[in-house]
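Biologist: I am new to this structure and would love a close look at one part of it. Could you take me through the salt bridges, and tell me which residues take part and where they sit?

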Amino acid sequence: MHSVFLQSFYENLKQGFFIPQWAGDLCAGYGCPVFLFEYVTPFYLGSLFYFLGFSYIDSMKLFLVFAYILSGLSMYFFVKDSYGKTAGFIGAILYLFAPIHLMEMHFRVSVGTHAAFIFIPLSFLFAKKALDGNPIFITLGAINFLLFMLSHSSIAFVIVPTSLVYAFLYRKNFKQLLYPIFSIFLGAGITAYYILPALFEVKYTWYIQGIRTIEDFKPFFEYIYSPVRFGLLFQGHQGELRLVIGYLHLAIIILTFILLISKKIIRDDRKVIYFLLSFFFVCFILMQAFTKPIWDNVFFLRSFILPWRMLVPIAF
């Protein structure tokens, strides 16, 4: 399917439409405005590979590889900035091998979500770096916001405000917060060409009907343990997904609690760790069935469609 989308997307670019909206060959040949709503960052990158001489299918495969590598590098630079190269390497490995990261790439091939993994760590990194008022990081933060929204706007709506709170923890004074806030507003401004038409036109599609209520909640222990192949396989025999957080990732969370209780973590790092742990638990609680009224009444949460998609920010 994605290679078919790429073919139509590339035809738009070839004809000089650098912000494609209409896919003329889709919808039984009648055409439809799929790129007005579809996440387009993967197709820009895929078009680059096709331009270099690869087939449409190979171009999308190369996108998956390229995005996977970039997501690891983005996590490495984010963690390295605060804790050094070794911690950055370990953080990148854990991020790359988070079960949801592998499932989105191998099993679901959800190209928008897969691209979003690149921009999650960068949102936090640039928000922190922008505190010094450096115009380079303010601009990079805005560009990251643009590419994030063009990859997966629902995840971006969760991550970007959270990154602002993260920057707040590092500020020396409240004036510094104006820089990352300005970066976000700048990013929102250059993203408006995509977001505003989609918001105004979505009422004419099936999408609103499809997200009136959210149903696909999984039992608590399905996020903890996979019953397939002694817990080591994340896809069942009938193709069903085993949506676990990750055993090593859970072990690290438990270890972090132990270190906090025993006061083995330096004081300056505790507030950040408390915040990130709180973020983890909020996301995890939102995947439980008893939060369904929240999902049904908050539009940007309903746009996730799948509650277990919260595993993506949890992987961070």
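Modeller: Happy to! Please keep in mind that this is a predicted model. Two salt bridges are present in the structure, and a good place to begin is the aspartate D81.

One of its partners is K128: between these two side chains, the closest N and O atoms lie 3.2 Å apart. This pair ties together distant parts of the chain, with K128 in helix α6 (residues 111–129) and D81 in helix α3 (residues 56–83), 47 residues apart.

The other bridge brings K129 to D81, with 2.7 Å from N to O. Here too, distant parts of the chain are linked: K129 belongs to helix α6 and D81 to helix α3, and 48 residues separate them. Through shared partners, the salt bridges join D81, K128 and K129 into one network.

Now for how open each of these residues is. K128 has a relative accessibility of 16%, so it counts as buried, the cut-off for buried being under 20%. D81 has a relative accessible area of 29% and is therefore partly exposed. K129, at 27%, is partly exposed as well.

So, to picture the network, start at D81 in helix α3 and look across to helix α6, where you will find the buried K128 and the partly exposed K129.

Conventions: Residues are numbered from 1 along each chain as its sequence is written. This is a predicted model: local features need pLDDT of at least 70, side-chain atom pairs count only at pLDDT 80 or more; totals for chains, interfaces and linings use all residues. Side-chain values use heavy atoms; hydrogens and water are left out. A salt bridge is a side-chain nitrogen of Lys or Arg within 4 Å of a carboxyl oxygen of Asp or Glu. Helices (H or I, at least four residues) and strands (E, at least two) are DSSP runs, numbered from the N terminus. Buried means under 20% relative accessible area, exposed over 50%, partly exposed in between (1.4 Å probe, protein chains only).
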